[in-house]
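Work through the following exercises with the model open beside you, and try each task before reading its solution.

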Amino acid sequence: MKKNYDVIVTGARCAGSSLAIYLARAGFKVLLVDKATFPSDTLSTNTFFNNTTALLRELGVIEEVLKTNATPVKAIKFQFEETVIEGPIPIVNGEDTSYCIRRTYLDDILLRQAGSLENVKVLQGFRVNELVYNGDLVVGVRGEDRFGVMQEFTASLVVGADGRYSVVRKLVKSEQKITSPSTVAIYFGYFSNIQHDGAAKFEVYKRGENMAILFPTNDNTYVVTVNFPLTNKRLLEDFKSNSEGSLRQLLTDQFPNTTIGARLESATLTEPIRGLHEYENYWYKGMGKGWALVGDALCFKDPAMAQGIHDGIRGAQLLAETLNRNKERLKQWDQIAEEYQQAIEAEFMVRFHMGCELSKNEPISEQQDTVNKLISSHPAVIEKFLGIYNYANEPSDFEEELIKVMGAGAGSND
Ligand SMILES: Cc1cc2nc3c(=O)[nH]c(=O)nc-3n(C[C@H](O)[C@H](O)[C@H](O)COP(=O)(O)OP(=O)(O)OC[C@H]3O[C@@H](n4cnc5c(N)ncnc54)[C@H](O)[C@@H]3O)c2cc1C
């Protein structure tokens, strides 16, 4: 069978469009399809750290991203009960600025960049329904274009960058390697007229069984998120019937030890509140004969970690690098799959497990509270704590630093 393309990428947001760019640069001929037409929004609170800013620069889109006038963010504040852990987001790869960019902007910018490349053909409004097989080897996709016309395309590799409900993943029956359910409901809304808390920063508050997250985003708005336990059925009902009132009340009543209530008073909700319940953290096998997965199709972790956009883009880079290294032997799928699996697990697994822990929504124990207080009073430990989120360091570096100050504290008590 004659192959139309080297790679067909299903899904054209942060993972799919980035993959198309990386592959095209490596000389692959790519078909990039999405059932959506862009610009288009998706369920996300849009935040990424400066390590992702570096990736966007590398992808050649940073100027376009900056034109969206999002608030530059250089600091983060966690408040666990009464303890504040706050500091500058450590610099990585020469970048000091993190952002929260609406996906209507970010995904469109990435897609346009992909489409500007000679080796990439973009098809918007094309829904993949089936895969084309040659024996057990995936050799293409079949689907419906925006006019309802069925079309078939073939390639050496079909990639599912098609999100949490990935059709490619379902059709190839990729093995689920890990799953860990979340115990929280998430609701978020966009508000204008919210004052910054001092300088603009990412803000995360945990009190009892609830969490509040404030990210400054485009168009002078903040995305304001709450997490609360799924067992709170009354609150779930309240959110269904009056989501804005419930969100405001939860933030005002449950976070009296913060400035959120006062800042919300003069704020205006700019679009309907959206929510997510009963999601899972999961991890699937990433590659098989003629297919691969990237982004949320491969792995989903608690949104409160703000790692999904990063992992979509960086995962695309890892996949493109793996394919490029194996360009001349693209039939040896088992070997290539093993290489890809090792690369993504080495990079993402530790923070994936952190997301699983976060999803359990455990209240802060007395012991954790003591540790938090210790972290908050040592800038070197704060730096390593914050550096986990943007890969400035590994969680093990943070633990090492923490043990050092614990040891010093124990020593001084002797
Ligand atoms: C409530 C919530 C908040 C979040 N907040 C953050 C955050 O602050 N920071 C962060 O980093 N991450 C966050 N995430 C995660 C982040 O949004 C995802 O990790 C990221 O969008 C994954 O990108 P992706 O390209 O893999 O998939 P997606 O963004 O899901 O894109 C998949 C694309 O595939 C297309 N598609 C699907 N099926 C087909 C088909 N059959 N044919 C053709 N096209 C198809 C879809 O139309 C879609 O455009 C959040 C997630 C949720 C749910």
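**Exercise 1: the shell around the ligand**

H9 gives the most to the shell around the ligand, with four residues. This is a predicted model, in which local features need pLDDT of at least 70 and side-chain atom pairs count only at pLDDT 80 or more, while totals for chains, interfaces and linings use all residues. Residues are numbered from 1 along each chain as its sequence is written.

Task: list which elements each supply at least two residues of the shell, and divide its residues by character.

Solution. Begin with the 36 residues that surround the ligand (a residue is near a molecule if its C-beta atom, placed from the backbone, lies within 6 Å of it); the closest are Gly-11, Gly-163, Gly-295, Pro-303 and Gly-308. Next, assign elements, which are DSSP runs numbered from the N terminus (helices H or I of at least four residues, strands E of at least two): helix H1 (14-25), strands E2 (30-34), E3 (47-48) and E8 (127-134), and helix H9 (308-325) each supply at least two residues. Finally, the shell divides into 16 nonpolar, 14 polar and six charged residues, where Ala, Val, Leu, Ile, Met, Phe, Trp, Tyr, Cys and Pro count as nonpolar, Asp, Glu, Lys and Arg as charged, and the others, Gly among them, as polar.

**Exercise 2: two helices**

Task: determine how H1 and H9 are oriented to each other.

Solution. With axes fitted as lines to C-alpha atoms over the stretch in contact, and angles running from 0 to 180 degrees between N-to-C directions, H1 and H9 pack at about 30 degrees, their axes 8 Å apart. Angles under 35 degrees count as roughly parallel, and H1 and H9 are therefore roughly parallel to each other.

Note on methods
Angles under 35 degrees count as roughly parallel, over 145 as roughly antiparallel, 65 to 115 as roughly perpendicular and the rest as oblique.
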